[in-house]
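Before the terms used for a structure can be trusted, it helps to ask what each of them rests on. The questions below do that, one term at a time.

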Amino acid sequence: MSVSSPAERDELNQLLQQTGRNDQKAFAELYKRTSSKLFGVCLRMLRDRGEAEEVLQETYTTVWRRADSFDASRASAITWLVTLSRNKAIDRLRQHREELLDDPSRLDETVDDQPTPAAGAETSQEYLRLQQCLDELEPQQQSSVREAFFTGATYNELATRCKVPLGTMKSWIRRSLMQLRTCLDQ
Amino acid sequence: MNTPIEDGNNHLRYAEYVLGVLDADTRAEVAHEVLVSGEAATAVALWQRRLMPLTDTIGDVTPAPYVWARIHDALQLDAPARVAPRKGLWDNLQLWHWLGIGASAVAVALLVVVSLPRPTTTPTVVNAGYMAATIQQDNGSTGWTATMDLQHARMVVVPATPVAFEQGRAPELWLIPAGGKPISVGMIARDKPTTLALDPALLARLGPTAALAVSVEPVGGSPTGQPTGAVIAKGAIDAAPDAGGKVAMAGDGQADRPRDQSSPA
Amino acid sequence: MMSPDRTVPEVVPFGAKRSVTHAINTTPPDAHYWSTQMSAVSTQRDRASFMRIYDHFAPRLQRYLRNLGVPDSVADELVQEALLTLWRKAAMFDPARASLATWLYRVARNLYIDHVRREPHWLPIQEGLDRLDHAESGRLDSQPESSLDQDILKQAIDRLPPVQAKLVRMCYLESKSHSEISAELAMPLGSVKSSLRRAFAKLQGSMRAQR
């Protein structure tokens, strides 16, 4: 699914706004066009199909109920939706944090050393720009940021995974955020 | 030196929130800030715009079809097959809102619904096809009125006076069969009419011995399947007055003052 | 106080910059080195310079704030804020007036004051400030304060940084209006007001400590 064209974006914005007005058809169409992206995100973060399905369901239930709070001047519909699904996934991870930490087999799956765009996926200009800025980071710091973003891990979990002291992880991430911020705002 | 006036955009904590590294408590704090402070909301939105493009690298995965079915059920959306094509009185939410002044008024209106000639080929509506309930709050004022259309297996719940709920809480409607456990009918809106589909199990239990109740639940509904919060309103279900009885409404559709005690909304 | 101009030293060409860094690595960077980095940040938005400043000053600011008694978690945030402020307002830095270290410490400290001000216990101090602001035309000395308080106040004013002390004297002892002070010292009105606020925050602090 491509959401990189402005026209596509506008259409999604409109569908989300219509959903906010209880338009069930628009909601069904919105689901059809965005659920595979959101499900990809949920799966990536939770690494468990059942959990990801539940979180996806929660996400769209919330979309239906809260779509009227969507403000197109703040974010595009797709950003709003992805953010919502990530937030739900992170909340879920926080609930199950102990289980996940106790299951090393799951942790092994987490590290993705191939952070390349999915085959055939169209990447947006925003992504290319972000990628350039990420490339300016020290390799270790860049992979910490990615790990954090894609797995929703806390500072503590990241420090454990990367086998560095908590303070080091914090300063890596904060330094990276600072650098990204200055790079992206140019 | 003058400290520049800041817009909250300098707080790295908002970035950490969006990145997802904060623990549950701190996350909740920031989430709360976002709700109450425009500054925080803007800073978080900016960081979302900065970081969300990372999800471009995640491949799409099509979810199984049953996920949509579950969402559909959970939200009690009209199934495509069940969407009533006829735009009649039933679908006129304005009217339902106006009717929110009391169950009697709804009942009166229903008399009109069933007795007015309809531009449709549907067989004559059975009089007993409707039931109504006034769901009263503890202080005696009407919280919602519910009207059940048995033929079409649906219920419209209209708030009389919007009830205040704290953040994160919402009203959930329950059917309580005589001597039975509450059955969730669905989440209802506090400030506008809600149309709910009634499944056969629920339909079978509707009747003069059953009651409706509204409890305070998390926005997504009771996590246990049973009411977990305070019951704030309840009311018995009555069959709508028989259409053969007196029609307390003038032919031009102007309702007489309903003869009930409840105060107008 | 810090005017957004201007005595910015000549911008080091990009190619030369790296070698400057290397040369400097052997000796501790001095004020001149940092003001060069700053000018690269403010005129070219040079991120490499910014990150050099960040890497050098973040731990130092952290220690500085910790020494002020700022809790670690708050200090962490303030350090980030201070450095982002530097990034965004680099043009306000004037090497003729203060070294980068001094400037940054001041930014961090002011952010801390702002932070404290948002805390509930700031209230008593805030009330004191409001009372002082109320006496806009400067009648602090004519208010029925005990002479002991007067003495403590005078001593506290003497302990303020010279500019702040001068502002306080002009405002409350010489009864000058903010705009008069601004004109007389050629200082922006906003700076006069904010410096006075800060001075009073300090005065309130030392007054309370004395009682």
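Q: Which residues in α1(A) are buried, and what makes a residue count as buried rather than exposed?

A: In this predicted model, the buried residues of α1(A) are Leu12(A), Leu15(A), Leu16(A) and Thr19(A). The term requires 20 or more other C-beta atoms within 10 Å of the residue's own, so each of these four residues reaches that cut-off. What covers them includes α2, α3 and α4 of chain A.

Q: How do you know on which side of α1(A) they lie?

A: The buried residues span an arc of only 95 degrees around the axis, and therefore lie on the same side of α1(A). In general, an α-helix has 3.6 residues a turn, so residues three or four places apart point the same way. Pro6(A) and Ala7(A), on the other side of α1(A), are exposed.

Q: What makes the span of α1(A) close to the expected one?

A: Helix α1 of chain A, residues 6–20, has 15 residues and reaches 21 Å from its first C-alpha to its last, and 21 Å is also what 1.5 Å a residue leads one to expect. After α1(A) comes Asn22(A), with a positive phi near 65 degrees.

Q: What makes up the side of chain A that touches chain B, by residue class?

A: The contact takes 49 residues from chain A and 35 residues from chain B. α2(A) gives the most to the side of chain A that touches chain B, with 10 residues. The residues of that side divide into 26 nonpolar, 13 polar and 10 charged.

Note on methods:
Residues are numbered from 1 along each chain as its sequence is written. Chains are lettered from A and ligands numbered from 1 in the order in which they are written. This is a predicted model: local features need pLDDT of at least 70, side-chain atom pairs count only at pLDDT 80 or more; totals for chains, interfaces and linings use all residues. Two residues are in contact if their C-beta atoms, placed from the backbone, lie within 7 Å. Helices (H or I, at least four residues) and strands (E, at least two) are DSSP runs, numbered from the N terminus. Ala, Val, Leu, Ile, Met, Phe, Trp, Tyr, Cys and Pro count as nonpolar, Asp, Glu, Lys and Arg as charged, and the others, Gly among them, as polar. The expected span of a helix is 1.5 Å times one less than its number of residues. A residue is buried if 20 or more other C-beta atoms lie within 10 Å of its own, exposed if 12 or fewer, and partly exposed in between; C-beta atoms are placed from the backbone. The arc is that of the directions from the helix axis to the C-beta atoms.
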